[in-house]
Amino acid sequence: MSTISQWQLRAAFAVRLSEMYGREVPAYATLVDVSREVNEDVLRAQGADAERLGSIGRVTAERHGAIRVGTPRELAQVARVFGALGMHPVGFYDLREAAASAVPVVSTAFRPVDGEELARNPFRVFTSMLTPADPRFFDADLRARLEAFLAVRELFPPDLLTLADRAAAERELPEDDAERFLQLAVSAFELSSEPVDRAWYRTLERVSAVAADIGGVRSTHINHLTPRVLDIDDLYRRMTARGIEMIDTIQGPPAWKGPDVLLRQTSFRALAEPRAMRLADGSVESGSLRVRFGEVEARGIALTREGRALYDELLGRVDEQASAHPTATRGDIARALWERHMPGSEMELAAKGLAYFTYRLADDRPRDGSRPPATVDELVRQGWVHARPIVYEDFLPRSAAGIFQSNLSGEGTRDNDREGTAYDAAWLSGAVGRDVLDPYARYARQQADTLALVARELGLPDTPG
């Protein structure tokens, strides 16, 4: 019997999840269609330059999903399911601190980490976990009720977890088992038809709509699936022209004339979807909830810690100026600051150590017997080496929180006089049962490996710095 490798499982899962979500949320199918149209137009207009941050095949197939769970036990089970697909937890995101409204979750993203695996299929899932122990959101009584509710539910059937563990250990599954795994995994993220306890859901919703979506039901589901687009501003205009209500802004860096960095995201607004609601007397009536939406992203260059510090500093300045000048357009403020303070070319980003690149020898490098320079800047400037930007594969907590907030039914409540419960990457690693990887370390290693190869090929005594 033939076998299905992990990356093939990952690609098949992404496709099936997308098909399922398109059936459940038709506006998502429109989003995918418009994304494809925009990408084709950009490719025609820009040619090879359009593929500088990934081939059009990769960009077209690329998706990230988002799910929410309630407990460390559920998060560890999620890690087993995605581990079967060759996906690892990367990055720690605290949306409690990034959001102005009540978003009581901490998050990580499961994704491939090897360059070859990312090129094959870069599927990611942004995964958030509820924080019932944080007294700013949940008092002792509500915490106890919530934890008791979460403790008895089962999100993932035992057969799915068994198959997942086997796929992770063997890095493949026999064809029949792979099919069974895919069916179980996709169904685990479908929207359940089980009636929702209206009183319990409303209790949690008064604290946070996100908390209600996680802890007010007995299952989980995909909250959004995100295609990647090469011109997110054009997509925003086209979706609006089709009558799809978009959120007010595009989250992340502004549109400007310089290099695309990090991540820009937007979405259409969460739709009111029919849900069965169970009343206190046990009867069931039809209702609706707004929990699922359609997100889209445009990815740029991965920034170093220094580059990210500059980005965060500029965001702070945007906040200050927008507060001081409430009639000014936030996008215009951001664009002006970016053009004044952010390097305007890839070479300048690289020279200042603000972004990550891979390096390879130039085919037309000097061959006159001269000795190559010892620094990366000069190797590139003198034509010995070509630099290619490393695409940002991760997320921005403020942008994620902004998307969440834009699709909430209310602000919720939080008591900022209470001290929040501390969570960090080390805590999350323990909860998941595997290391939550540092994204900066992944990018730095990728860059360093290519520089070490350049040094060997040129016979340099040291890796160029």
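Is Pro-195 buried, partly exposed or exposed? In this predicted model, Pro-195 has a relative accessibility of 25% and counts as partly exposed, because the buried class ends under 20% and the exposed class begins over 50%. Pro-195 sits in the loop that links helix 9 (175–188) to strand 7 (196–197). Its partners come from elsewhere in the sequence: setting aside residues up to four places away, Pro-195 touches Ala-276, Arg-278 and Val-284. For one of these, Arg-278, the chain separation is 83 residues, yet its C-alpha atom and that of Pro-195 are 5.6 Å apart.

Helix 9 itself offers a contrasting case in Phe-181. With a relative accessibility of 0%, Phe-181 counts as buried. When neighbours within four places in sequence are left aside, the contacts of Phe-181 are Leu-9, Val-81, Ala-84, Leu-85, Leu-160, Leu-163, Ala-164 and Leu-173. Val-81 lies 100 residues from Phe-181 in sequence, and the C-alpha atoms of the two are 9.3 Å apart in space.

The next stop is the nonpolar interior. In soluble globular proteins, nonpolar side chains tend to be buried together. In this model the largest nonpolar core holds 75 residues, and Leu-95 and Trp-338 have the most contacts inside it. Beyond the four places on either side in sequence, Trp-338 touches Pro-253, Pro-254, Trp-256, Tyr-311, Leu-314, Leu-315 and Val-318. A second core, separate from this one, comprises 63 residues, among them Leu-163, Ala-185, Leu-225 and Val-432. Of these, Leu-163 has already appeared as a contact of Phe-181, while Val-432 returns in the helix pair described next.

Two packed helices are described by the angle between their axes and the distance between the axes. For helix 4 (residues 72–83) and helix 18 (residues 425–432), the axes come within 8 Å and cross at roughly 75°. Helix 4 is therefore roughly perpendicular to helix 18. The residues of this contact comprise eight nonpolar, no polar and no charged. On the helix 4 side they are Pro-72, Leu-75, Ala-76 and Ala-79, which meet Trp-427, Leu-428, Ala-431 and Val-432 of helix 18. In the loop between strand 2 (63–69) and helix 4 lies Thr-71. This threonine has a relative accessibility of 15% and counts as buried. Outside its neighbours within four places in sequence, Thr-71 is in contact with Met-129 and Leu-150.

Another threonine, Thr-203, belongs to helix 10 (residues 198–207). Thr-203 also counts as buried, at 18% relative accessibility. A polar atom of the Thr-203 side chain lies 2.9 Å from the backbone oxygen of Ala-199. Apart from residues up to four places away in sequence, Thr-203 touches Leu-142 and Arg-145.

Helix 12 (residues 232–241) can be followed from one end to the other. At its start, the backbone nitrogen of Asp-233 has a side-chain oxygen of Asp-231 within 3.3 Å. The buried residues of the helix are Ile-232, Asp-234, Leu-235, Tyr-236 and Met-239. The elements covering these buried residues include helix 2 (26–46), strand 9 (263–268) and strand 12 (294–299). Just after the helix, Gly-243 adopts a positive phi of about 85°.

Positive phi values also occur in residues other than glycine. One of these residues is Leu-262, with a phi of about 55°. Leu-262 lies in the loop between helix 12 and strand 9. What is its exposure class, buried or exposed? Leu-262 is buried, with a relative accessible area of 1%. Arg-171 likewise takes a positive phi, near 65°. This arginine is found in the loop joining helix 8 (158–170) and strand 6 (172–174). Arg-171 counts as exposed, at 56% relative accessibility. The two loop residues thus carry positive phi values, with Leu-262 buried and Arg-171 exposed.

Methods: Residues numbered from 1 in each chain as written. Predicted model: local features only at pLDDT ≥ 70, side-chain atom pairs only at ≥ 80, totals over all residues. Heavy atoms only, no water. Buried < 20%, exposed > 50% of the residue type's maximum accessible area, 1.4 Å probe, protein only. Helix = DSSP H or I, 4+ residues; strand = E, 2+ residues; numbered from the N terminus. Contact = heavy atoms within 4.5 Å. Polar contact = N/O pair within 3.5 Å; in protein donor to acceptor, adjacent residues only side chain to side chain. Axes fitted to C-alpha atoms, helices over the stretch in contact; angles between N-to-C directions. Parallel < 35°, antiparallel > 145°, perpendicular 65-115°, else oblique. Nonpolar A, V, L, I, M, F, W, Y, C, P; charged D, E, K, R; others polar. Core = buried A, V, L, I, M, F, W, Y, C linked by side-chain atoms within 4.5 Å.
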